[in-house]
Amino acid sequence: MNQEVFAKKRDYLLLLPSLIPLLLLFVYPLLKGFVMTFQQPETAGLTLANYVEFFTNSNYYDTIWRTLYLVVPASIIELFIAFGITYFIREKMRGGGIIAGLTIFPLTLGSIIVDMAVIAFFKPTGWFNTTLINMGLIDEPFTLVYNYAGAFIALVILGTAFIASNLVGMMGTIDPNLERAARTLGASRWVTFKRVFWPLIRSNVLTVFALNLIMQIGVYSTAVIVGNPASETRTFVVVAFEEAMRNFNYNMANTVAIVMGITQLLVLSIVFAIRKRGYIGSASTFK
Amino acid sequence: MSQAVKKKNSTTILDSTRVEIRNLTKQFGSTTAVHNASLDIENGEFMTLLGPSGCGKTTILSMILGTLQPTSGEITFNGQPINKIDMSRRDIGMVFQNYALFPHMTVAQNIAFGLDMRKVSKSEKKKRVEEAIEMVQLNDLGNRFIKDLSGGQQQRVALARAIVIRPRVLLLDEPLSNLDAKLRKEMRTQLKKLHDELGITTIYVTHDQEEALSLSTKVTVMSNGIIQQIGTPKEIFGKPKNYFVANFIGYGNFLRGKLIDEQDGQFIFEADKDSVRLVVNHDKQHQVGDEVILTIKPEMLEIITDPKIGMNTLSGKITVSDYIGSATGYEVETKEGRTFKVNVLGLNPYAMGEEVRLYLDPAKLLIIDEE
Amino acid sequence: MKAEKSFPELEKEDGQTVQGNINRKPLRNSRKGLFLQKGYKTSSWALILLFLTIVLGMTIAVVLSAFGEEWYGTFLPQGYTIEWFIKAWQAYEVGEYFKITMGIVLTATVISLVLSIPTVYILARRDFPFKQALISFFQLPFTLPDLLYAIPVASIFYSIGLAETIPGLIIVNLIVGIPFSVFILLPYMESLDPRLEYAATSLGATKFKLFQRIVLPQVVPGITASAINIFIRMFNTFTIILLISGPKTQTLNVMVFSVLQGSGSQPPAMLNSLALTLMIPLLFFSFLSLWVSSFTQRRLGK
């Protein structure tokens, strides 16, 4: 702490070059955006009309359920796949690095390429359906693209990659001696997991889960490219963009954005309420 | 001789196990961590595996524990091979170097963990946890979390957690290495007392020769994956078998050469480098013609003023003087260009550069082999 | 060797109670445990294989379809060609958009760094009230959902005429660039030894010289690494660019997205080729970071 000198008046000036642009480009729009939700495009004065419209018109309020119905099950499946894979390869295992690398790989491709890849692989004439037909398992191909299923698959692939990329490092923070200790004391592998490994990693896993969940609530390009943005995958962002770019109704667009932000906050607080009920703290063995 | 005799004064005696290790080898890729090690650990014995880091002692411990599978060879408990037994079924109490205490559990929960796994009844569990807590003197700390304990207290919890399950064998992996010097001594005494009380067959891994000699009933010295010597602390300390063992446990002065003659029950030794001749007492293992190493501990070397003693003396001058409390450590450089380490009790009566004579008592010189 | 004394004998000798079960049962593995372990391993491998097959399969499928001649109904395309790729490249002027994007992002990276370095210096070296709050404030733009500020920014930019212009796109990138450079430069700056600065001041250096001669040379490696990260981050900025982009003023990923969103009539090979042009920045950045790291290593000597 002694290397820090208390700031003089002049020093504050050096904060301005970065603060002013942020105030203009971020804080002011944020506040203006919030006020905008209480205004109408043409008329003056404050009104709740936008929110009333949102919660009475099924065209709008349906987006809440559509988004959550798409994103919440996907996130849970992503967590299971990512945790299952990274837990299995957590100890030095031959090929573990390659498995981790391939699991995380879709993250480097980015959303748009993954969306196109899902279409190429799961479309009716794609490898997935032709393989199943050739094996005699099905007669008609599944419709897995340009609908709920397509968006779901693309989300699962991207989300699993994201969660796994965070979990890989996290698994290493649990001292392997703790598991060994439990095992020598007579615990089976499952009991060791249940009573030692999981309680220690739980809070971090839930944090990553929450991060991924709120990221996916903002899903857009996947919903548009592999999904069916007109109905099944009409998420918050799809509607917000529609209002902004097609109808030029920035007030309504921002109302949708605010409702999305609140939804994200609610989801976050639910996950953190669950997280608080377990052990939160260091998993290291020394103070 | 038998360990069992020692238990006469004890109040609690647990049954225990004889551990045999037969031709145990462990390879990691092309490197051999343990080479063909054979070792018997008697009922109730306190066996220390002593050696520098990387000598294979921890690898042997891991194979007994079950975290590593031997490449070849066998480990048995009371004659039963355990290689294929899952580590959770081996009934071993283990104290890890970093204690590996569960940070999300209290002291009592940590200690009770092994009992939970054994489905011990609630009342029995309570009784045994309390006993264990008392045994390691952690009274009133049962409800604390691990992070609220000092290093020494954590160490005791780890010990209690390992013994409360009444293990067949107790394994300790450098348990004292994370404690400060004073606490280490205290814990050493406690560990010894505990072992005397319980009589559990104990295998202790350390690189600290002082710990090994003070705690154990038997010591195994290892280097480079090979067992160098097995013996009681007295044997190891008094009669190290080879250069490595002698050097490791603190013999400081070595002369390489040959036994050239024998007179009146004594050998005549001639050094290779400078043909220094010394008389040394006869021992049974060596004979004239052997290539050997002579060694003597720094505290066995004498600096003399008596001009009458002429045999086995070397003259030189003091080049280093290091006062270490109860004794002073000197380095004496002889005319032949050798350096000897000498420890002299008391204040330092010799000045730097002073000409002195060293006396190498034939009875205190030790003949050892290179390998 | 020593005779093995059995414990019951000892008991008689001492006449004391012996605790513990003398006749322990032989050790035995749990059948159920072995069975469960096998099941766990099998299902884990099944999960890994399934997931990785899909990941690899879809990646190969999209690449093959972009570089395949005719692909309908067969397992593999009938032949391979880069014709679609070239066609997509030309039809959508990918080179042009790549250039525009590079220009925008490069300019925005430089501006972000110039604006944020003084701030980072003060945050690392000076103490003042609410400093932690200020640091958290700088992290806010990339913790909040970007839609929340993107829509009002777009409406403001349209009303003052900055939308659909190159300067507008550069300015908008600063919302991403400034907080991110503060975020990744701060640890670097904090890790530098302040005593060097004291030494320089005591030798009579003026404030400007101090910064130029002492601080800057030390942070240059950190700044280069950070610059690449900021660059990548902005290259991938999507939401806000989409909202204010015009036909000729948009970045590569926004252009690709707009095409994919709008056209069902184009052949899939063409669209896949277009999507894969987004791989080019990916390759470019891997190359860039390799080059920079080897360059800085050479400059630092080994």
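Two strands count as paired when DSSP finds at least two bridges between them. Keep that in mind as we walk through this predicted model, starting with the strands of chain B.

**The six-stranded sheet in chain B**

Take strand E7 (residues 169-173) and strand E8 (residues 201-206) of chain B: they run parallel and are joined by five bridges. If you want to find one of the matched positions, look at B:Leu170, whose bridge partner in E8(B) is B:Thr202.

Both strands belong to an open sheet of six strands in chain B, ordered E6-E7-E8-E3-E9-E10, and its pairing is mixed. Strand E6 (92-95) and strand E10 (226-231) of chain B sit at the edges with a single partner strand each, so one side of each has no neighbour in the sheet. Going from one strand to the next, the twist averages 15 degrees. Here's a handy bit of background: strands of a sheet pair through backbone hydrogen bonds, either parallel or antiparallel.

**A hairpin further along chain B**

Now jump to strand E16 (residues 313-323) of chain B. What sense does its pairing with strand E19 (residues 355-359) of chain B have? It is antiparallel, over five bridges. E16(B) also runs antiparallel to strand E17 (residues 327-334) of chain B, with seven bridges joining the two. E16(B) and E17(B) make a hairpin with three residues between them, and in the turn B:Gly325 has a positive phi of about 90 degrees.

Here are three bridge partners from chain B that you can look up in the structure.

| Residue | Bridge partner | Strand of the partner |
|---|---|---|
| B:Leu170 | B:Thr202 | E8(B) |
| B:Gly316 | B:Val356 | E19(B) |
| B:Ser321 | B:Tyr330 | E17(B) |

**Over to chain A**

Chain A has a lot of helix to look at. An unreviewed UniProt entry lists residues 64-271 of chain A as "domain: ABC transmembrane type-1". In the model, that stretch is 76% helix and 0% strand, and its end C-alpha atoms are 18 Å apart. The unreviewed entry also lists several spans of chain A as "transmembrane region", including residues 12-31 and 96-122. Residues 12-31 of chain A are 90% helix and 0% strand, with 24 Å between the end C-alpha atoms. For residues 96-122 of chain A, the figures are 96% helix, 0% strand and 27 Å.

One residue here deserves a closer look. A:Thr233 lies in the loop between helix H11 (221-225) and helix H12 (236-246) of chain A. Is A:Thr233 buried or exposed? Its relative accessible area is 0%, so A:Thr233 is buried, given that buried means under 20%. The side chain of A:Thr233 reaches the backbone oxygen of A:Ala223 at 3.1 Å. Leaving out residues up to four places away in sequence, A:Thr233 touches several others, among them A:Leu70, A:Asn147, A:Tyr148 and A:Val238.

**A covered helix in chain C**

Finally, look at helix H6 (residues 147-160) of chain C. At 1.5 Å a residue, its 14 residues should span 20 Å, and the end C-alpha atoms are indeed 20 Å apart, so the two agree.

How many residues of H6(C) are buried? The count is 11 of its 14, so you can call the helix mostly covered. Among the buried ones are C:Leu147, C:Tyr149, C:Pro152 and C:Phe157. The cover comes from two chains: it includes helix H2 (16-36), H12 and helix H13 (250-276) of chain A, along with helix H5 (131-143), helix H7 (166-191) and helix H10 (239-244) of chain C. Just after H6(C), C:Gly161 takes a positive phi of about 80 degrees.

Terms used. Residues are numbered from 1 along each chain as its sequence is written. Chains are lettered from A and ligands numbered from 1 in the order in which they are written. This is a predicted model: local features need pLDDT of at least 70, side-chain atom pairs count only at pLDDT 80 or more; totals for chains, interfaces and linings use all residues. Side-chain values use heavy atoms; hydrogens and water are left out. UniProt positions are given in the numbering used here, feature names are shortened, and annotations may be inferred rather than shown by experiment. Helices (H or I, at least four residues) and strands (E, at least two) are DSSP runs, numbered from the N terminus. Axes are lines fitted to C-alpha atoms, for helices over the stretch in contact, and angles run from 0 to 180 degrees between N-to-C directions. Buried means under 20% relative accessible area, exposed over 50%, partly exposed in between (1.4 Å probe, protein chains only). A polar contact is a pair of N or O atoms within 3.5 Å; within protein, one must be able to donate a hydrogen and the other to accept it, and residues adjacent in sequence count only if both atoms are side-chain atoms. Contact means heavy atoms within 4.5 Å. The expected span of a helix is 1.5 Å times one less than its number of residues.
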